[in-house]
Structures are given as structure tokens and as C-alpha cells.
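Biologist: Got a minute to walk me through this one? I'd like to start with what you mean by your terms and then get into the details.

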Amino acid sequence: MMRVFNSVLIGLCLLGASATQAAVYVAADKSPATRLCVSAAMDSAIGFVIKMRESNMSRPFIANRITCNGKNITAFAYEAGNSKNYQRLSRYHRGFVEISDLAKATMPEPTGAVIEIQGGSVALFAGK
């Protein structure tokens, strides 16, 4: 009886894991912008903050100048379903007014697809 119970329990766990599988984002290149795009879509809020610090770009610059597959990184994070990173970026995004409540907003359903990401070009000028 215990063996049957364990088998059913393992089966339910595997079924739940496959049903909640989200899209996988794959970097098309190794540019800092692409790394930020992948992080905005997939990482936790802490992981995304670490990637922003490692990039040596300011948060307003990231929120307003980085594009992911032709979309602003803020909109890209929202469309990927990462509301924590979307909220963090929207603080710095100019010209963006959010009126709706995020708790009531519908998030896109996970597709389980593999999506290739390429970050937009970023011009950085080194000063003395």
C-alpha cells in the first residue's frame, strides 16, 4: 500500500512540475544588453539587481535605453511574466505611467517554448 502511495505522489509531483514549465530564454550573444534581457525575463529580483550592478550601467539608463528583441526592457520583463523585475524597472522608465493594479493584471500564460533573445545596441563612452 505504501509503495502505491509513493508512486502516486511522485507522479503528481512530476505532473505539476511539467504543467508549470515557463518559457526558456536563450541569449543570442554575450553582450551586456543581452545578459540584462535574459535576467529581466528569468531571474529573481535579487539576481536581476546583481546583473544590473555587474553591467556598470545606471538603472535609468537600463530602463530607458536597453531593448530586448525590439522592445524596451521594461515591457519585455512584463511580457515575460516577471512582475518583480517589471516593477523595479518601471520606477526608472521615463514617460511611463501605470494606472492599473498589478495584482489584478493578467499575466501571460507560460508556453514552455525556447525563446532566443538579442539585446539592443548600447553605446557606452568611457571617461577619464
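Modeller: Sure. I call a residue exposed when its relative accessible area is over 50%, and buried when that area is under 20%. Keep in mind that this is a predicted model.

Biologist: OK, try that on arginine 91. Buried or exposed?

Modeller: Arginine 91 has a relative accessible area of 57%, so it counts as exposed. It is found in the loop between α6 and β4, the latter being residues 114-117.

Biologist: How far is arginine 91 from arginine 59, in sequence and in space?

Modeller: They are 32 residues apart along the sequence, and their C-alpha atoms are 9.2 Å apart.

Biologist: Let me zoom out. How many helices and strands does the chain have?

Modeller: Six helices and four strands. Starting at the N terminus, the order is α-β-α-α-α-β-β-α-α-β.

Biologist: And what share of the chain is buried?

Modeller: Of its 128 residues, 29% count as buried. On contacts: among those with a separation of 6 or more, 67% are between residues 24 or more positions apart.

Biologist: Which residues touch the most other members of the largest nonpolar core?

Modeller: That core has 22 residues, and the ones touching the most other members are Leu36, Phe48, Ile62, Ile66, Ile73, Phe76 and Leu89. Elements giving two or more residues to this core are α2, α3, α4, α5 and α6. The largest share comes from α2, with six residues.

Biologist: Then tell me about α2. How many of its residues are buried?

Modeller: Eight of the eleven, so α2 is mostly covered. The buried set is Ala33, Thr34, Leu36, Cys37, Val38, Ser39, Ala40 and Ala41.

Biologist: How does α2 sit against α3? What's the crossing angle?

Modeller: Roughly 165°, and the two axes come within 9 Å. That makes α2 roughly antiparallel to α3, since angles over 145 degrees fall in that class. The crossing is left-handed.

Biologist: Which residues make that contact?

Modeller: Leu36, Ser39 and Ala40 come from α2, while α3 brings Gly47, Phe48, Lys51, Met52 and Ser55. By type, the residues of this α2 and α3 contact are four nonpolar, three polar and one charged.

Biologist: Staying on α3, which of its residues are buried?

Modeller: Helix α3 covers residues 45-55, and its buried residues are Gly47, Phe48, Val49, Met52 and Ser55. The elements covering them include α2 (32-42), α4 (59-65), α5 (73-79) and α6 (83-90).

Biologist: So α6 is in there too. At what angle do α3 and α6 pack?

Modeller: About 45°, with their axes 9 Å apart. The two helices are therefore oblique to each other, and their crossing is right-handed.

Biologist: Who meets whom there? Which residues are in that contact?

Modeller: On the α3 side you have Ala45, Phe48, Val49 and Met52, and they meet Lys84, Asn85, Arg88 and Leu89 of α6. The residues of this contact divide into five nonpolar, one polar and two charged.

Biologist: Which α6 residues are buried overall?

Modeller: Asn85, Tyr86, Arg88, Leu89 and Ser90. The buried residues of α6 pack against α2, α3, α4 and α5.

Biologist: Why does tyrosine 86 make that list?

Modeller: Because tyrosine 86 has a relative accessible area of 6%, and anything under 20% is buried. Its C-alpha is 8.5 Å from that of isoleucine 73, which is 13 residues away in sequence.

Biologist: Switching to backbone oddities. What is phi for asparagine 56?

Modeller: Positive, about 60°, although asparagine 56 is not a glycine. It follows α3 and lies in the loop between α3 and α4. At 71% relative accessibility, asparagine 56 counts as exposed.

Biologist: And what about asparagine 69? Where is it, and what is its phi?

Modeller: Asparagine 69 is in the loop between β2 (67-68) and β3 (71-72). Its phi is near 50°, again a positive value in a residue other than glycine.

Biologist: How accessible is asparagine 69?

Modeller: Its relative accessible area is 38%, so asparagine 69 is partly exposed.

Technical notes
Residues are numbered from 1 along each chain as its sequence is written. This is a predicted model: local features need pLDDT of at least 70, side-chain atom pairs count only at pLDDT 80 or more; totals for chains, interfaces and linings use all residues. Side-chain values use heavy atoms; hydrogens and water are left out. Buried means under 20% relative accessible area, exposed over 50%, partly exposed in between (1.4 Å probe, protein chains only). Contact means heavy atoms within 4.5 Å. A nonpolar core is a set of buried Ala, Val, Leu, Ile, Met, Phe, Trp, Tyr and Cys residues joined through side-chain atoms within 4.5 Å. Axes are lines fitted to C-alpha atoms, for helices over the stretch in contact, and angles run from 0 to 180 degrees between N-to-C directions. Angles under 35 degrees count as roughly parallel, over 145 as roughly antiparallel, 65 to 115 as roughly perpendicular and the rest as oblique. A crossing is left-handed if the near helix is turned anticlockwise from the far one by less than a right angle, and right-handed if clockwise. Ala, Val, Leu, Ile, Met, Phe, Trp, Tyr, Cys and Pro count as nonpolar, Asp, Glu, Lys and Arg as charged, and the others, Gly among them, as polar.
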